[in-house]
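The following exercises concern a predicted model of a protein with a bound ligand. Each task is followed by a worked solution.

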Amino acid sequence: MSPQLDIVLLSSQPQVIDDLSDLLIATVKNGDSVSFMYPLARLTAETFWKNSLAAADRNERVVLGAYMEGTLIGTVTLLLDFPPNQPHRGEIAKLMTKVSYRGQGVATSLLLKAEKIATERGKTLLTLDTAVEGGAASLYEKLGFQVTGIIPDFALKPYGGLTGTIIYWKHIGPTSQ
Ligand SMILES: CC(C)(COP(=O)(O)OP(=O)(O)OC[C@H]1O[C@@H](n2cnc3c(N)ncnc32)[C@H](O)[C@@H]1OP(=O)(O)O)[C@@H](O)C(=O)NCCC(=O)NCCS
């Protein structure tokens, strides 16, 4: 029997900041596009997660952690705080699975839980973007996200060189049409 996967809401705790920082640093080292350049300094990673979890504590976002046998093996962030004319929109960000646990459905479980929470919080539209090179396009498309388009040369990859970004959207509730 494979070990149980638990998806939990994370809050500002030293151990959580430590574990998320380890995951982010390893993800960047692996060359994956998650907004940071290689090498990612530990202090930069910790500051990022401290700020992100503080925003989660203020209910401006939800940070989910995927745990297997007590080890953090994945995370995703659901951004909730948008301008007054977009109260119905949520955004998916910082989706990553520990390299050795990829291909086992961890990210899928994280995204399904994020979508459920978004619905519970009254969101009807999700948006996100992912790198053209090495992003997670097929994963998002499998989960029903629609392509808006590609912005070329949008960001640097962790080891340098530009890549485009693909913008996605998904209705998760009633639409205006
Ligand atoms: C993208 C990522 C989170 C996927 O994590 P995962 O736990 O391996 O994903 P899953 O096991 O749930 O994969 C589900 C499906 O998506 C596909 N998929 C997974 N990662 C993919 C990737 N990087 N590119 C394209 N397809 C991918 C898998 O083939 C799988 O399909 P299957 O069910 O037919 O086998 C992981 O590869 C990762 O951490 N990448 C680096 C960070 C990143 O790029 N994040 C996205 C930023 S927007």
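**Exercise 1.** Identify the polar contacts of the ligand, beginning with its oxygen atoms.

*Solution.* Step 1: an oxygen atom of the ligand lies 2.7 Å from a polar backbone atom of G105. Step 2: an oxygen atom of the ligand is found 3.1 Å from an N or O atom in the side chain of R102. Step 3: a nitrogen atom of the ligand is 2.7 Å from a polar backbone atom of L95. Each of these pairs therefore meets the criterion of N or O atoms within 3.5 Å. Step 4: on its own the ligand has 870 Å² of accessible area, of which the protein covers 72%.

**Exercise 2.** Describe the shell around the ligand and state which element gives the most to it.

*Solution.* Step 1: the ligand sits in the largest pocket. Step 2: 21 residues surround the ligand, and G103, G105, T108, S138 and K142 come nearest. Step 3: by class, the shell comprises eight nonpolar, nine polar and four charged residues. Step 4: at least two shell residues come from each of β4 (89-97), α3 (106-120), β5 (125-131) and α4 (137-142). Step 5: α4 gives the most, with four residues.

**Exercise 3.** Trace the strand pairing from β5 through β7 to β6.

*Solution.* Step 1: β5, which supplies residues to the ligand shell, runs antiparallel to β7 (residues 162-171), and seven bridges join the two strands. Step 2: T127 has W169 in β7 as its bridge partner. Step 3: β7 also pairs with β6 (residues 146-156) in the antiparallel sense, over seven bridges. Step 4: the bridge partner of A155 in β7 is T163. Step 5: β6 and β7 form a hairpin with five residues between them, and G160 in the turn has a positive phi of about 100°.

Methods:
Residues numbered from 1 in each chain as written. Predicted model: local features only at pLDDT ≥ 70, side-chain atom pairs only at ≥ 80, totals over all residues. Heavy atoms only, no water. Near = heavy atom within 4 Å. Polar contact = N/O pair within 3.5 Å; in protein donor to acceptor, adjacent residues only side chain to side chain. Areas by Shrake-Rupley, 256 points an atom, 1.4 Å probe, with all protein chains shown as cover. 1 Å grid on protein atoms, 1.4 Å probe; cavity = no way out; pocket = protein on both sides within 12 Å on 5 of 7 lines; lining within 4 Å. Sits in = over half its atoms within 2 Å of the grid points. Nonpolar A, V, L, I, M, F, W, Y, C, P; charged D, E, K, R; others polar. Pairing = 2+ DSSP bridges.
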